[in-house]
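User: Hi! I'm new to reading protein structures. Could you walk me through this one?

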Amino acid sequence: PRGLAFIIRLIEVQDPRVRMAAIRAAAEISVPGQEQVLTMLQQCLQDECSDVRGEAVKILGSIAVPGDARCVSWLVERLKDSQWCVRSSATRTLAGIAVVHGGRESSSSAASGTIGAIDSDCSGGGGSGADGGGGVGGGSGGGSGGAMEVDCDGRAIALAALMECMRSDEQEYVRIDAAQASRQVAGQGDEPLISALMECLEIENKEQVRIAFLDVLCDLAVVGDDRVGDAIRLRFNDVSPAVRQKAATALVKVGRPGDEQVVESLLGLLEDEAEEVRQAAVQAFKSTAKKNSPQVVQALCMRLEDESPAVRFFAVLTLGEVIERSEQALEVGQRVEINASMTGKLKGMNGTIAGFNNEDGSPVVLLDHGRVVTFHERDITEISEG
């Protein structure tokens, strides 16, 4: 395009703001895969100003052709940058371009990441902004090693580098972004990544990073993967209530509906000291408990007396999901069991429907010990014959 050569020459200007503007301008008048611009960006990735390097990393995501192993190698190099904001941007750009040729496409939203504040935090940070004199010729401010030798599979290279970031990067935001980017690069059930995430959960000391790892792990795992389920259950003993809360929701995503082991684990969380954990466990039964499960119904009824209003509220809602009324109308002579905790000492007793209240139609039950009591329909369960 006309004027592109002039714009490219601007990356030699001393002012880093001009170099950043030149990067953006070149991107606006070029097309993906344009060699002149890619060469320009490769040079800018070595700029001594971290703001310039960061801008080049972001713009590379719109210029590189998905799956271009060269561009993947340039970004992998930036994962060793001295500035965490550049490393973070590199993880997100990798998520957008590191795909197998002819393989699955990466999500266009992946490169944006979830740490929206990172870009603004980076501006002016540690050696950026006013540190640029000499432009590209000033050498790399990133302090990285040489570029990796790449093969035709840029995805494998990117994934290995992202997993290393998850394990060892000193900045927690980079570890989070690396995990989220790896989710976009890998496919569901990717064994090496799943193993790496479980390993990182064991050694990670930052609460929000463990939460992010759990989030990615449950997205990648195949439903019914017991090994992943066991790793998530270990987080039920985490020192952080927020991590235990996330573990409750993650276990439901990985476990099969009605899985007794999942149900047993969630029942244990109902006694957690943190109300947000108890609430998460209560809500989890909506999708994992079997209908009319006596064990779950009893546990939820006990939560109706929880000290937390939120837990009591969600216990009521979940009971409405777990208790399934019979499609057939109740009839005189049906055998029933009393199932609600509000019935006090009568809970668990059996009886026979003797009739219905004239005012609201509530069933009147003749209990086996001879007492006659009126109940709400939801407080009794029909006993199947035989």
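Analyst: Happy to! One term before we start: two residues are in contact when heavy atoms of theirs lie within 4.5 Å. Also keep in mind that this is a predicted model.

User: Okay, so what is Leu-197 in contact with, if we skip its neighbours within four places in sequence?

Analyst: Leu-197 is in contact with Met-166, Ala-179, Phe-213, Val-216, Leu-217 and Leu-220.

User: Is there another core, and which residues are in it?

Analyst: Yes, a core of 10 residues lies apart, and Leu-330, Leu-367, Val-373 and Ile-380 are among them. The largest nonpolar core has 101 residues, and Leu-197 is one of those with the most contacts inside it, along with others including Leu-60 and Phe-285.

User: Why would nonpolar side chains end up together?

Analyst: In soluble globular proteins, nonpolar side chains tend to be buried together.

User: How much of the protein is buried?

Analyst: Of its 386 residues, 50% count as buried.

User: New topic. How many helices and strands are there?

Analyst: The protein has 17 helices and five strands.

User: Let's pick helix H15. How many residues does it have, and how far does it reach?

Analyst: H15 covers residues 275-288, which makes 14 residues. From its first C-alpha to its last it reaches 20 Å, close to the 20 Å expected at 1.5 Å a residue.

User: And what do the buried residues of H15 pack against?

Analyst: They pack against four helices: H13 (241-254), H14 (260-269), H16 (294-303) and H17 (309-322). Among the buried residues of H15 are Val-277, Ala-281 and Phe-285, and Phe-285 is also listed among the residues with the most contacts inside the largest nonpolar core.

User: Now the strands. In what order do they sit in the sheet?

Analyst: The five strands form an open sheet in the order S4-S3-S2-S1-S5, with antiparallel pairing. At the edges are S4 (372-374) and S5 (380-382), each pairing on one side only. The twist averages 45° from one strand to the next.

User: What about S1, which residues are on its covered face and which on its uncovered one?

Analyst: Val-336 and Ile-338 form the covered face of S1, while Arg-335 and Glu-337 form the uncovered one.

User: How many bridges join S1 to S2?

Analyst: Three bridges join S1 to S2 (residues 350-356), and the two strands run antiparallel. Within that pairing, Val-336 has Gly-351 in S2 as its bridge partner.

User: And on the S5 side, what stands opposite Ile-338?

Analyst: Ile-380 in S5 stands opposite Ile-338, and Glu-337 has Thr-381 in S5 as its bridge partner. S1 and S5 pair in the antiparallel sense over three bridges.

Key
Residues are numbered from 1 along each chain as its sequence is written. This is a predicted model: local features need pLDDT of at least 70, side-chain atom pairs count only at pLDDT 80 or more; totals for chains, interfaces and linings use all residues. Side-chain values use heavy atoms; hydrogens and water are left out. A nonpolar core is a set of buried Ala, Val, Leu, Ile, Met, Phe, Trp, Tyr and Cys residues joined through side-chain atoms within 4.5 Å. Buried means under 20% relative accessible area, exposed over 50%, partly exposed in between (1.4 Å probe, protein chains only). The expected span of a helix is 1.5 Å times one less than its number of residues. Two strands pair if DSSP finds at least two bridges between them. Axes are lines fitted to C-alpha atoms, for helices over the stretch in contact, and angles run from 0 to 180 degrees between N-to-C directions.
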